[in-house]
Amino acid sequence: AGGGAVWRHVPKSVATYVTGNAQRANITLNDSTMVALGVASRLEVPGDFSEGNHTVRLTGEALFTVAHHRGRPFTVIAGGNATRVLGTSFMVRHYSTDTATVVAVQDGRVAVRSTIVAAMQFARVDRSGAVRVQPASQTMFGFTTGVLTLNGMPFPQAITELNRWYDADIRLGDSALATRRVAGEYAAGSLADLAAYLEMTFDVRVVRSGRVLTLFQR
């Protein structure tokens, strides 16, 4: 789904769904919960999920639309943090490169640790466990429709996001570029699309060799 693929491996106790760079997937669990799994992400579903163990584990990013089941909370563990709901639509993100876990609520409410997060709010949980709640924007959920939004992110950090999004290997051929900030919307597409967008937006010269895109100042 979404220009990507998903592989499912089912050992005795866990069903694992995995996407690679530039791949997304739509998954429906057996309680009718829908999961839009982001790029380079991994979702582990317990083997006794159908018996009521609705605790899943996520590395990466996913939007969950949880069907309401009285007395059966749905829990997502990501980055050591638990998000619990009864029925709602919410996004959880924690990649291995992230310094915090982000939970954004589209509809309904969720509990992140002891903090309640309402619709169109997001919680940022840092490594110490501190929770900060702020207003959310629809762009936080855009990955499910194939749009990555970067909001003034430092170039080195943006490269990590773009590499996952396009399955690229972006390198800076000029260290001065590291001081720039990256903003804009990036639709899922090819490496050629990305190279053209970078050249046009940042006035850089892109040298491509396979998946490697090396950026130079003009």
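## Sheet β16-β19-β18

Four bridges join β16 to strand β19 (residues 212–217), and the two run parallel. Helices (H or I, at least four residues) and strands (E, at least two) are DSSP runs, numbered from the N terminus. Two strands pair if DSSP finds at least two bridges between them. This is a predicted model: local features need pLDDT of at least 70, side-chain atom pairs count only at pLDDT 80 or more, and totals for chains, interfaces and linings use all residues. Residues are numbered from 1 along each chain as its sequence is written, and side-chain values use heavy atoms, with hydrogens and water left out.

The sheet is open and has three strands in the order β16-β19-β18, with mixed pairing. β16 (169–172) and β18 (204–209) each have a single partner strand and stand at the edges, so one side of each lacks a neighbour in the sheet. Neighbouring strands are turned by 25° against each other on average, direction ignored. Axes here are lines fitted to C-alpha atoms, for helices over the stretch in contact, and angles run from 0 to 180 degrees between N-to-C directions. Across the β16 and β19 pair, Ile170 stands opposite Leu213.

## Helices on the sheet

Helix α1 (residues 155–166) packs on the sheet and touches β16 and β19. Contact means heavy atoms within 4.5 Å. The direction of α1 makes about 160° with that of β16. Helix α2 (residues 191–202) also packs on the sheet, touching β16, β18 and β19. Its direction makes about 160° with that of β18.

α1 has 12 residues and reaches 16 Å from its first C-alpha to its last. That is close to the expected 16 Å, taken as 1.5 Å times one less than the number of residues. Nine of the 12 residues are buried, that is, under 20% relative accessible area (exposed is over 50%, partly exposed in between; 1.4 Å probe, protein chains only). Among them are Phe155, Leu162, Arg164 and Trp165. The buried residues of α1 pack against β9 (89–94), β15, β16, β17, α2 and β19. Asp167 follows α1 and has a positive phi, near 55°.

## Nonpolar cores

A nonpolar core is a set of buried Ala, Val, Leu, Ile, Met, Phe, Trp, Tyr and Cys residues joined through side-chain atoms within 4.5 Å. The largest has 35 residues, of which Leu162, Tyr186, Leu194 and Leu215 touch the most other members. Elements giving two or more residues include β10 (100–107), β15 (147–154), β17 (181–187) and α2. The largest share, six residues, comes from α1.

Beyond its neighbours within four places in sequence, Leu215 contacts residues including Phe155, Ile170, Leu198 and Val206. A second, separate core of 27 residues includes Ala15, Ile27, Val45 and Phe49.

## Hairpin β3-β4 and Ser41

Side chains alternate along β3 (residues 25–28). Ala25 and Ile27 point to one face and are buried; Asn26 and Thr28 point to the other and are not. Four bridges join β3 to β4, running antiparallel. Thr28 has Met34 as its bridge partner in β4. Five residues lie between the strands of this hairpin, where Ser32 takes a positive phi near 80°.

Ser41 is in the loop between β4 (34–37) and β5 (42–46). At 2% relative accessibility, Ser41 counts as buried. A polar atom of its side chain lies 2.9 Å from the backbone nitrogen of Glu61. Leaving out residues up to four places away in sequence, Ser41 touches Tyr17, Val18, Thr19, Thr59, Gly60, Glu61 and Tyr95.

Conventions:
A polar contact is a pair of N or O atoms within 3.5 Å; within protein, one must be able to donate a hydrogen and the other to accept it, and residues adjacent in sequence count only if both atoms are side-chain atoms.
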